[in-house]
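Me: I have a model open and would like to go through the reasoning behind its labels. Could you take me through it step by step?

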Amino acid sequence: MTTISIPRGKYHIWTVGCQMNQADSQRIQTMLDELGWEEASMEQANLVVLNTCSVRQAPEEKAHNLLAQLKRAKNERSDLLVALMGCMIGNQKTIDALGKRYPHIDLFMKVEHADILPRFLEERWTPISGAGCLDIEFMPDASDDTVEEIPVSPMVPTFATSTNRAGKRTVLPMAITPKPGERVAHYPTKIEPAKASPAAWLPIVLGCNKVCTYCIVPYRRGRERSRPMDELMIEARSLVNKGAKELTLLGQTVEAYGLDLPDQPDLADLMTNLSEIEGLARIRFMTSYPRHMTDSMIERMAHLPKVCEHLNIPVQSGDDVMLKRMKRGYSLDEYIERIERVRALWPNITLSTDIIVGFCGETEEEFQHTLDLLEKIRFDVVHVAAYSVRPGTVAARWEDDVPLAEKKRRLHAVEEVQGKIAFELNQSYVGKVEEVMVEDTNTTHGRKQLKGRNRANKLVFCPEPDSATSEGQRAIQPGDFVQVRIERATAWSLQGEAVVL
Ligand code: SAM
């Protein structure tokens, strides 16, 4: 008797949005790989998973376009399943509305409930027979003529069906959502990513407790849930064993880590424990929220050599009236005081922030205050977005009164001011030697180029050093650390030559 493993269906995962979504997709991929499914293009896949983002209108529109395309594809193919996850999944009401609009969605799934996938596939994609799709645990030995051969027929997938009140057989979508008020702490750790890139993500807090008036995240991702420290340590060690050298700790307000855990460890406690992991060289974290950043937390993080000197701390606006309208929970003075404190306690820290322009009622003067703030703080990086209405949020009830053309003008004004500041700040690196972790390599004009980041999260490019190509030397790979002498700097990146110290 010979045990064989025949691949099952093919899957395609489409992902948009933040790092959290990317981390979630890696987990789904691992799960499908473990089930024996094979990655394929969207056109060839039997299961298409759309991991969606609702933070702005544009990524949601992309998902709607794809859902329309998949509807047409499903009319032509009976062997196609569509699963939806990510921020477009909210509560039962949002699921019902999506299900009505797109009856061809077979599964609504939150990442917390991803372990539904095997059951779902068993019920909904159970091919009867045929090469590439039969669930065969063993095959009879060809020389044994006492056993009958298993007949092979073309692939015919069967779908679980149910009967509606009119007596018509239908295929119902599966929706796995928590009941209102139910707190779901479970995160699918068993399906941690099978592979780890040198720069890997570690989601530590799920959901968000803030109620910023423009933001959909709390409605779609639920309340804050910290993952227990033990669980994170196991996952972090495993990621490092699989090749991760740098971990980015993810959360909407990452300093809220532990507030909901029984012994209330904080972010710095977690980082202290993670620092013990041999082979882990760098720890990053995002996104920060000023009111949760205590002096003690900053000081302890600053003293941990593996924690990199970079903070992503969204301000959203430089005007107090706007901050109130956005319900950010801090005044401009409080934000500035936190930044000054961070700079005093953590030498060489670099800062990035998020800005929304054209939020409801934003006057020219209020917008000008945002530009003033950029000049005052001099962030290293600014992520700027034009406000887009998110149905279901508080601000969706207000007039979206800044015309699109004006939002775009303000967005470009932010980019222009920030471009100049970033250019000036980056010049200070010229002549310095920076430790760069290589994340990617590509060949241009016949020479291999290395792309990576320094500790301060600046993008650095340099050609592969000649020494790496000499005989007996191992080629430089993602995950390697290279010392780079910076020779040029733009607003977006640093370029230099690798040096041997
Ligand atoms: N939790 C973080 C925070 O403290 O703001 C970030 C959350 S959100 C996933 C990432 C960014 O998207 C925000 O910082 C904000 O700038 C932007 N954003 C959120 N809602 C938006 C909206 N309705 N329109 C435009 N940009 C938005």
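Reply: Gladly! Let's begin with a term: contact means heavy atoms within 4.5 Å. By that rule Lys 210 touches Pro 218, Glu 224, Thr 253, Tyr 289 and His 292, leaving out residues up to four places away in sequence. Please keep in mind that this is a predicted model.

Me: Why is Lys 210 called buried?

Reply: The cut-off for buried is under 20% relative accessible area. Lys 210 has a relative accessible area of 16%, so Lys 210 counts as buried. Its place is in the loop between β10 (205–206) and α5.

Me: What makes the pair Lys 210 and His 292 a polar contact?

Reply: A polar contact needs N or O atoms within 3.5 Å, one able to donate a hydrogen and the other to accept it. The side chains of Lys 210 and His 292 are joined at 3.0 Å, and His 292 is also among the residues that Lys 210 touches.

Me: Thanks! Now to the helices. How do you know that the span of helix α2 agrees with what a helix should have?

Reply: The expected span is 1.5 Å times one less than the number of residues. For the 20 residues of α2 (residues 57–76) that comes to 28 Å, and the end C-alpha atoms are 29 Å apart, so the two agree.

Me: Which residues of α2 are buried, and why are they said to line one face?

Reply: Pro 59, Glu 60, Ala 63, His 64, Leu 66, Leu 67 and Leu 70 are the buried ones. Seen down the axis of α2, they fall within an arc of 170°, so they line one face of the helix. On the other side, Ala 58, Asn 65, Arg 72, Asn 75 and Glu 76 are exposed. As for partners, the buried residues of α2 pack against β1 (10–15), β3 (47–52), β4 (81–86), α3 (92–101) and α5 (217–221).

Me: How does the span of α1 compare with the expected value?

Reply: Helix α1 (residues 19–34) has 16 residues, and at 1.5 Å a residue 22 Å is expected. From first C-alpha to last, α1 reaches 23 Å, close to that value. Its buried residues include Met 20, Ala 23, Ile 28 and Leu 32. After α1 comes Gly 36, with a positive phi near 90°.

Me: What makes Leu 84 a buried residue?

Reply: Leu 84 is found in strand β4. Its relative accessibility is 0%, so Leu 84 counts as buried. Beyond its sequence neighbours up to four places away, Leu 84 touches Leu 50, Thr 52, Leu 67, Ile 89, Leu 98, Ile 105, Leu 107, Phe 108 and Met 109. One of these, Leu 67, is a buried residue of α2.

Me: And Glu 362: why does that residue count as buried?

Reply: The same kind of step works here. Glu 362 has 4% relative accessibility, and therefore counts as buried, with under 20% as the cut-off. Glu 362 lies in the loop between β15 and α11 (364–377). Leaving aside neighbours within four places in sequence, its contacts include Arg 325, Phe 367 and Arg 410.

Me: Why is Ser 275 called buried?

Reply: Ser 275, in helix α7 (residues 267–275), has a relative accessible area of 14%, so the label buried applies. Its side chain reaches the backbone oxygen of Met 271 at 2.8 Å. Not counting residues up to four places away in sequence, Ser 275 touches Ile 283, Leu 304 and Lys 306.

Me: Let's finish with the ligand. What makes Gln 316 a polar partner of the ligand?

Reply: The limit for a polar contact is 3.5 Å. A polar side-chain atom of Gln 316 lies 2.7 Å from an oxygen atom of the ligand. A polar backbone atom of Tyr 214 is 3.1 Å from a ligand nitrogen, and an N or O atom in the side chain of Arg 56 is 3.4 Å from a ligand oxygen. The protein buries 91% of the 560 Å² that the ligand exposes when taken alone.

Me: Which of the residues around the ligand come nearest?

Reply: Of the 16 residues around the ligand, they are Tyr 214, Gln 252, Gln 316, Asp 354 and Ser 388. Strands β15 (350–357) and β16 (381–386) each supply at least two residues of the shell.

Methods:
Residues numbered from 1 in each chain as written. Predicted model: local features only at pLDDT ≥ 70, side-chain atom pairs only at ≥ 80, totals over all residues. Heavy atoms only, no water. Helix = DSSP H or I, 4+ residues; strand = E, 2+ residues; numbered from the N terminus. Buried < 20%, exposed > 50% of the residue type's maximum accessible area, 1.4 Å probe, protein only. Arc of directions from axis to C-beta. Near = heavy atom within 4 Å. Areas by Shrake-Rupley, 256 points an atom, 1.4 Å probe, with all protein chains shown as cover.
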